[in-house]
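Here is a friendly briefing to read with the model open beside you. Please take a look at the structure first, and then follow the topics below.

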Amino acid sequence: MGHLITVATCSLNQWALDFEGNLKRILESIRIAKEKGAKLRVGPELEITGYGCQDHFLESDTYLHAWEVLAAILQSEEAKDMVLDIGIVILADGKIVLIRPKMFLANDGNYRELRFFSPWMPRKVEDHYLPRMIQKITQQVTVPIGDAVISTLDTCIGCETCEELFTPDSPHIGMGLDGVEIFTNSSGSHHELRKLNTRIDLMRAATLKAGGVYLYANQQGCDGDRLYYDGCAMILVNGEIVAQGSQFSLEDVEVVTATLDLEDVRSYRSRMASRGIQASQSTAYHREHIPLSLSHSDMDMDIHLKPTPKQAPIYLSPEEEIAYGPACWLWDYLRRSKTAGYFLPLSGGIDSCATATLVASMCRLVIKDAQRGNPQVIADARRLAGKQDTDYIPSDPREFASHIFYTCYMGTEHSSQATRQRAKDLAHVIGSYHTDLNMDSIVSSIHGLFALVTGKTPRYRVHGGSPAENLALQNIQARLRMLLAYLFAQMLPWVRSREGALLVLGSANVDESLRGYMTKYDCSSADVNPIGGISKTDLKRFIAYAKGAFGMEVLEGFLDAVPTAELEPTTETYTQSDEVDMGMTYDELSEYGRLRKVERCGPFSMFYKLVHAWGETLRPTECIDSHFTPSQVAAKVKRFFFYYSINRHKMTTLTPSYHAEAYSPDDNRFDLRPFLYNAGWHWQFNKMDRAARAMEEPQ
């Protein structure tokens, strides 16, 4: 029997409950794998239903339709003479060989698998009675279900699913000791900035110590919610990558193949005497045998065929991840929602600039794929441009943006000419359909109505008004912009004699959401927000990257501008500034966010970590004896937790945002907390103050 085999894994852009589309993409991936000479094909986790079905997994219809799709796969030409890992079901030549259920479920962060599923017990195997529709096709009444492995005529295959790779005692350890040479991993792993290296490190470690082939499959795209699954299908041999797919792509189906020499695994393992000792003491797995081989009879005789060489892992910088992840998510959301385009209130500040630049990145990706001949992208682009019955193929990002992207500068008497001009210049460079308005008359009418009803006229702080007056006057402007945004989003296509309505884009970053530095139901309220999970610091780095990578020199002006809401009057002695308003810097907010969520710190734990970290890092350079005292650090932490607490209710109405950051305050599924706090935090703050005083006392 030959030693050379060709194997395939894939990234599929599946969509929750889109059974017809999901089946089409599964069959296409099998067809491509077969064309490339592979006899083993691995697909993503829950690829039939889509990973993001959530509570639809509790419905019997979901299971019924999943079995119907599996029946179609079993009867397909594509499935013949193939070994297929379809999520948890292993097929071989039109028969079900094994149902291998997941044993360790993901139940943290965005994952809630224990809500829908129960974990299987390790090493347990029993019979599963098949639905009658499947029995008629396969002539099988029962099939084994459980923690088992599969023996072919030339090798042994074991499966683990997504989270199981991340556990301390991963299944591949025991399977490898029992002679499994090929490990498959069907995954539903979403994008998070700076996360890919963790995933790759784990896969390399899985086969580095004990040898073996690792095939990793993942979803890729937006399958119906805040997450973007970032593909990166991969094949590794003995700890080395031999094939790696794209992390971000507009392709609905991407198949990655490699040709391997099984003897490389066997010789790698034979050099380790200690592995042989542990293997002899390991518990044997239940094996299911199939009369197929992964090698072709003529592969070893083909002198032109050789194993795929190893390659270095491909990592993108965080700036590149921001440029492409949200852009792909925006494209999936736009085409699948069947709307006419996006509308963005463009303020001239860096946040709305970042959102607009992500739409520009999306348009660039569309042009790139359309020029490569991607039929799905071309069909979607024609519909969005209103050119369904033509041979239109978009070739210019600015031209395509003019069809699907609308921007508007909504100025008041407090808006500067600088922000108005920056918005206009950016819209021109991107190619959006841009409008410019002053809404002072609408603002004045609201002021007049309030004065008429109450007999009181509120004033801004610079004119002697109270904090309550000052905030209310700012919120009027902010909320009116939201109303105008939805009016323009609904009517601008009509103005241009086009059908449909637009999706409103938000542009509040993750740090402002965490602090609550936004008006509830203002322009932070939108249909989707591509930057809602990204920090201000990372956004600025992304804009600096896009300036060069996208050739957008206009972005330089946004980088130099001081962040300001422009909701208050500017005087000779006062100009509104975001960081002054918040009472903390964006860098500090990022630190608070990571400690609160990622490090799981309450007020006292956060103070204790920061008093050591900031005692040196925040020391002013001009005065070596001056530094932040423990009391000053305590005051900063208390200020953050006070504003976080009183504004937490805003997270319950947060616009659905692209998930990119591990400290996202998204209240929907990721960051589950109360929204009515005792904002005094008396016990915690008192303990903090006592500790600060003790640290400051002479030793």
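P345 stands opposite C408 in β18. P345 belongs to strand β17, where it points the same way as G341 and F343. Keep in mind that this is a predicted model. The briefing starts with the sheet around β17, then turns to a second set of strands and to some helix contacts.

**The sheet around β17**

- Strand β17 covers residues 341–345, and 5 of its 5 residues are buried.
- Which residues of β17 point one way, and which the other way? G341, F343 and P345 take one side, Y342 and L344 take the other, and all of them are buried.
- On one flank, β17 pairs with strand β18 (residues 405–411) in the parallel sense, over 4 bridges.
- β17 is also joined to strand β20 (residues 502–504), by 3 bridges, and these two strands run parallel as well.
- Within that pairing, Y342 has L503 of β20 as its bridge partner.
- β18 and β19 run parallel and are joined by 6 bridges; here G411 has N438 of β19 as its bridge partner.
- Put together, these strands make an open sheet of 4 strands with parallel pairing, in the order β19-β18-β17-β20.
- Why is one side of β19 and of β20 left without a neighbour in the sheet? Both β19 (433–438) and β20 stand at the edges and each has a single partner strand, so one side of each stays unpaired in the sheet.
- On average, neighbouring strands of this sheet are turned by 25° against each other, direction ignored.
- Helix α10 (residues 318–337) lies across β17 and β20, and it runs at about 120° to β17.

**Strand β8 and its partners**

- Strand β8 spans residues 148–151, with A148 and I150 pointing one way and V149 and S151 the other way. All four of these residues are buried.
- How do β8 and strand β16 pair, parallel or antiparallel? β8 and β16 (residues 286–289) pair in the parallel sense, over 4 bridges.
- In that pairing, A148 has H286 of β16 as its bridge partner.
- With strand β9 (residues 156–161), β8 pairs in the antiparallel sense, over 2 bridges.
- S151 of β8 is matched there with C156, its bridge partner in β9.
- The connection from β8 to β9 is a hairpin of 4 residues.

**Helix α11 against helix α18**

- The axes of helix α11 (residues 350–372) and helix α18 (residues 536–549) come within 10 Å and cross at roughly 45°.
- That angle makes α11 oblique to α18, and the crossing is left-handed.
- Which residues of α11 meet α18? They are I350, D351, C353, A354, T357, L358 and R364.
- Their counterparts in α18 are K536, L539, K540, F542, I543, A546 and A549.
- By class, this contact has 9 nonpolar, 1 polar and 4 charged residues.

**D369 in helix α11**

- D369 also has its place in helix α11.
- Is D369 buried or exposed? With a relative accessible area of 5%, D369 is buried, because a residue counts as buried under 20%.
- Leaving aside neighbours within four places in sequence, D369 is in contact with L250, E251, N374 and V377.

**Helices α1 and α2, and residue E68**

- Helix α1 (residues 19–35) and α2 pack at an angle of about 30°, with their axes 10 Å apart.
- This makes α1 roughly parallel to α2, and their crossing is right-handed.
- From α1, the contact is made by F19, L23, I26, L27 and I30, and from α2 by T62, H65, A66, V69, A72 and I73.
- By class, the contact of α1 with α2 has 9 nonpolar, 2 polar and no charged residues.
- E68 lies in helix α2, which covers residues 60–74.
- E68 is partly exposed, with a relative accessible area of 38%.
- The C-alpha atoms of E68 and K687 are separated by 60 Å, and the two residues are 619 residues apart along the chain.

Technical notes:
Residues numbered from 1 in each chain as written. Predicted model: local features only at pLDDT ≥ 70, side-chain atom pairs only at ≥ 80, totals over all residues. Heavy atoms only, no water. Axes fitted to C-alpha atoms, helices over the stretch in contact; angles between N-to-C directions. Parallel < 35°, antiparallel > 145°, perpendicular 65-115°, else oblique. Left-handed = near helix turned anticlockwise from the far one by under 90°. Contact = heavy atoms within 4.5 Å. Nonpolar A, V, L, I, M, F, W, Y, C, P; charged D, E, K, R; others polar. Buried < 20%, exposed > 50% of the residue type's maximum accessible area, 1.4 Å probe, protein only. Pairing = 2+ DSSP bridges.
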